[in-house]
Amino acid sequence: MSDPLPRLRALCLALPEVTEKLGHGEPTWFVRKVFLSYADRHHDDRVAFWCAAPPGVQEALVAARPDRFFRPPFVGGRGWLGVWLDVEQDWAELEEIVTDAYRMIAPEKLVALLGT
């Protein structure tokens, strides 16, 4: 499996006014506030990302596909979604998840730039 970081980075940085900085030693993407953090074996031996998610999404995806999704430490209690990147993934679905995370955090004027 190839390194997922470049592909994830491209998805994040394609969104309006996103910046990347290190957060807790890992690549983290901001739209004024954090909306997505990479986790390269940061808290376990797995590669993943954690992101903001609309209400109910974390529970639904973790229940339906625990092999691909999880409740991340620290931010899981706030509804954030964990996504394993060391398993086969549907990158079109991941693009939707990343965009939804952005929509949860970005100011309305930036969300409006995305259209529908």
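User: Which residues does Thr99 touch, leaving aside those up to four places away in sequence?

Analyst: This is a predicted model, and in it Thr99 sits in helix H3. Its relative accessible area is 18%, so Thr99 counts as buried, the cut-off being under 20%. Not counting residues up to four places away in sequence, the ones Thr99 touches are Leu15 and Leu114.

User: Which residues of H3 are buried along with Thr99?

Analyst: Thr99 is in H3, and its 18% relative accessible area makes it buried. The buried set of H3 is Trp91, Leu94, Ile97, Val98, Thr99, Ala101 and Tyr102.

User: How far apart are the end C-alpha atoms of H3, and what span should its 15 residues have?

Analyst: Take 1.5 Å a residue, multiplied by one less than the number of residues. For the 15 residues of H3 that gives an expected span of 21 Å. The end C-alpha atoms agree with this, as they are 21 Å apart.

User: Which residue caps the N-terminal end of H3?

Analyst: Look at the backbone nitrogen of Ala92. A side-chain oxygen lies 3.0 Å from that nitrogen, and the residue it belongs to is Asp90.

User: Okay, over to H1. Where around its axis do the buried residues sit?

Analyst: Leu5, Leu8, Leu11 and Cys12 are the buried residues in H1. They cover an arc of only 125° around the axis, so they are on the same side of H1.

User: What do the buried residues of H1 pack against?

Analyst: The buried residues in question are Leu5, Leu8, Leu11 and Cys12. Their packing partners include strands as well as a helix: S2, S3, S4 and H3.

User: Is strand S2 mostly covered or mostly open, and how many of its residues are buried?

Analyst: S2 runs over residues 26–31 and is mostly covered. Glu26, Thr28 and Phe30 point one way, with Pro27, Trp29 and Val31 pointing the other way, and all are buried. That puts the count of buried residues in S2 at 6 of 6.

User: How many bridges join S1 to S2, and which residue stands opposite Glu26?

Analyst: S1 covers residues 19–23, and S1 and S2 run antiparallel with 5 bridges joining them. Their hairpin has 2 residues between the strands, and His24 takes a positive phi near 55° there. Opposite Glu26 in S2 stands Gly23.

User: And on the S3 side, which residue of the hairpin takes a positive phi?

Analyst: S2 and S3 (residues 33–40) also pair in the antiparallel sense, over 4 bridges. Lys33 is the bridge partner of Val31. The hairpin has 1 residue between the strands, and the residue with a positive phi near 75° is Arg32.

User: Now charges: how many salt bridges turn up in the whole structure?

Analyst: Side chains of opposite charge can pair when their charged atoms come close. The criterion here is a side-chain nitrogen of Lys or Arg within 4 Å of a carboxyl oxygen of Asp or Glu. A search of the whole structure on that basis gives 5.

User: What is the N to O distance between Glu20 and Arg9, and how many residues apart are they?

Analyst: The side chains of Glu20 and Arg9 meet in a salt bridge at 2.7 Å, N to O. This pair links distant parts of the chain, with Glu20 in strand S1 and Arg9 in helix H1. Glu20 is partly exposed at 30% relative accessibility, and Arg9 is partly exposed at 28%. Their separation in sequence is 11 residues.

User: What does Asp86 form a salt bridge with?

Analyst: The closest N and O atoms of the pair are 2.7 Å apart. Asp86 is in the loop between S6 and H3, and its partner, 40 residues apart, is in the loop between S3 and S4. Asp86 is partly exposed at 30% relative accessibility, and the partner is partly exposed at 26%. That partner is Arg46.

User: In the Arg68 and Glu93 salt bridge, which residue is buried?

Analyst: The two side chains meet at 2.3 Å, N to O. Arg68 lies in the loop between H2 and S5 and Glu93 in H3, so the pair ties together parts 25 residues apart in sequence. Glu93 counts as partly exposed at 22% relative accessibility. With a relative accessible area of 8%, the buried one is Arg68.

User: Last one: how far apart in space are Val87 and Asp67?

Analyst: Val87 lies in the loop between S6 and H3, and at 22% relative accessibility Val87 counts as partly exposed. Val87 and Asp67 are 20 residues apart in sequence, and C-alpha to C-alpha the distance is 7.9 Å.

Technical notes. Residues are numbered from 1 along each chain as its sequence is written. This is a predicted model: local features need pLDDT of at least 70, side-chain atom pairs count only at pLDDT 80 or more; totals for chains, interfaces and linings use all residues. Side-chain values use heavy atoms; hydrogens and water are left out. Buried means under 20% relative accessible area, exposed over 50%, partly exposed in between (1.4 Å probe, protein chains only). Two strands pair if DSSP finds at least two bridges between them. Contact means heavy atoms within 4.5 Å. The arc is that of the directions from the helix axis to the C-beta atoms. A polar contact is a pair of N or O atoms within 3.5 Å; within protein, one must be able to donate a hydrogen and the other to accept it, and residues adjacent in sequence count only if both atoms are side-chain atoms.
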